Amino acid sequence: MNNEVTIHQAIVAIRQRLADKYSRGEIDGFVRIIFRHLMNYEPVDILMHKDSILPDFIVEKIGKVIDQLLDDCPIQYIFGTAHFYGYDFGVNEFTLIPRPETEELVDLIVAENKASDLQVLDAGTGSGCIAISLALALKFADVTAIDVSDGALQRAEQNAEDLKAKVCFKKQDILTLQPVENSWDIIVSNPPYIIESEREQMDSNVLDYEPPTALFVPNNDPLKFYRPLAEYGTVALKNGGHLYFEINRAFHREIVEMLNSLGYKDIDAIRDFYGNYRFVKATKQAD
């Protein structure tokens, strides 16, 4: 791009540079995000000011963003934020980018839990998107979020502060949790669930930039995090308390069978908006 570049010309140039790598819909999304972050413009502002000349430093910044997109860097990492459940969450190299499917999990929990003062545990919180969204949506909920990553916890704590959400963050490992009886009304987790052999099917923008410890489990142990969490829940959940998992669609039957063997009731595998089994929920039997 040269001097005297209008917004319209800049967008044409963005489309031309990215056309061979991304779909039209993806590029439209990038344009919205770029102008929101660099100029605080929403789509209506872009339209109203399409003939305005961009400052040289903005043109330069746009060029650098496009370079990074061509190198497969997710735009959420370029700007350090991701939109989730109506909020902007900071993300970094220690956190996954929140996915739209996970918003469905939050919706499910909010729809099914109308009581106030619920005790909620989010296990493997990452950016804190689930815990913070639940803290803001549920009535007077007492939300605790755990993660093994210091970097993720620091980012999640900052997100909670920025969004004015009350969440207690703790450094704990899902694999070594020690249950205290009747602690929680809800345990929710979106743990690592992609088996190593699925790497070759994944895009480089995930493999090269998102933290592998938050993505992968061994081929021979796909339920690595679900089993200990479910066992923990048999003690730590209150009677009638609920377990909610986001899952690998390939293993929904195995997770349902495991929960059944542990005595949970009302076990249900639920499809996401793409039609894939993405969530499993269960209820702790009364003693």
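Which residues form one aromatic cluster with Phe84? Tyr85, Tyr87 and Phe89 do. We'll come back to that group after a look at the whole protein, and one thing to keep in mind throughout is that this is a predicted model.

## The overall picture

Let's start with the fold. The protein's secondary structure adds up to eleven helices and eleven strands. Its C-alpha trace covers about 75 × 40 × 35 Å along the principal axes. How does that fit with a globule? For 287 residues, a compact globule would have a radius of gyration near 19 Å, and the protein's 21 Å agrees with that.

Contacts tell you how the chain is folded back on itself. Looking at contacts with a separation of 6 or more, 65% of them link residues that are 24 or more positions apart.

## Inside and outside

Of the protein's 287 residues, 48% count as buried. On the outside, about 14,300 Å² is exposed, and carbon and sulfur atoms supply 47% of that area.

As for charge, there are 28 positive side chains and 45 negative ones. The centres of these two sets lie 3 Å apart.

## Aromatic pairs

Back to the rings. The structure holds six aromatic pairs. In one of them, Tyr22 and Phe30 have ring centres 4.9 Å apart and planes at 90 degrees, so this pair is edge-to-face. Tyr22 and Phe30 are both buried.

Phe84 and Phe89, from the cluster in the opening question, make an edge-to-face pair too, with 6.0 Å from centre to centre and 80 degrees between the planes. Are these two rings buried or exposed? Phe84 has 1% relative accessibility, so it counts as buried. Phe89 comes in at 0%, so it counts as buried as well. Tyr85 and Tyr87 complete the cluster.

## Glu101 and a faraway stretch of chain

Next, have a look at helix α6, which covers residues 100–112 and includes Glu101. This residue has a relative accessible area of 15%; buried means under 20%, so Glu101 makes the cut.

What does Glu101 touch, leaving aside residues up to four places away in sequence? The list is Asp272, Phe273, Tyr274, Arg278 and Phe279. Take Phe279: it sits 178 residues from Glu101 along the chain, yet their C-alpha atoms are separated by 9.4 Å.

## Leu175 and helix α10

Now move to the loop between β5 (167–171) and β6 (184–189), where you'll find Leu175. With 38% relative accessibility, Leu175 counts as partly exposed. Not counting residues up to four places away in sequence, Leu175 touches Lys224, Phe225 and Pro228. There's also a link to Leu229: the C-alpha atoms of Leu175 and Leu229 are 7.7 Å apart, although their positions lie 54 residues apart along the chain when you count from one to the other.

Pro228 and Leu229 both belong to helix α10 (residues 226–236), where they are among the buried residues. The others buried in this helix are Tyr226, Ala230, Tyr232, Gly233 and Ala236. And what do the buried residues of α10 pack against? Their partners are the strands β3 (119–123), β6 and β9 (237–246), together with helix α11 (252–261). Strand β6 is also one end of the loop that holds Leu175.

Conventions: Residues are numbered from 1 along each chain as its sequence is written. This is a predicted model: local features need pLDDT of at least 70, side-chain atom pairs count only at pLDDT 80 or more; totals for chains, interfaces and linings use all residues. Side-chain values use heavy atoms; hydrogens and water are left out. Helices (H or I, at least four residues) and strands (E, at least two) are DSSP runs, numbered from the N terminus. The radius of gyration is taken over C-alpha atoms; the globule rule is 2.2 Å times the number of residues to the power 0.38. Buried means under 20% relative accessible area, exposed over 50%, partly exposed in between (1.4 Å probe, protein chains only). Contact means heavy atoms within 4.5 Å. Accessible areas come from the Shrake-Rupley method with a 1.4 Å probe; for residues, only the protein chains shown count as cover. Lys and Arg count as positive and Asp and Glu as negative; His and the chain ends are not counted. The place of a charge is taken as NZ of Lys, CZ of Arg, CG of Asp or CD of Glu. Rings of Phe, Tyr and Trp (its six-membered ring) pair if their centres lie within 6.5 Å; planes under 30 degrees apart count as stacked, over 60 as edge-to-face and the rest as tilted.
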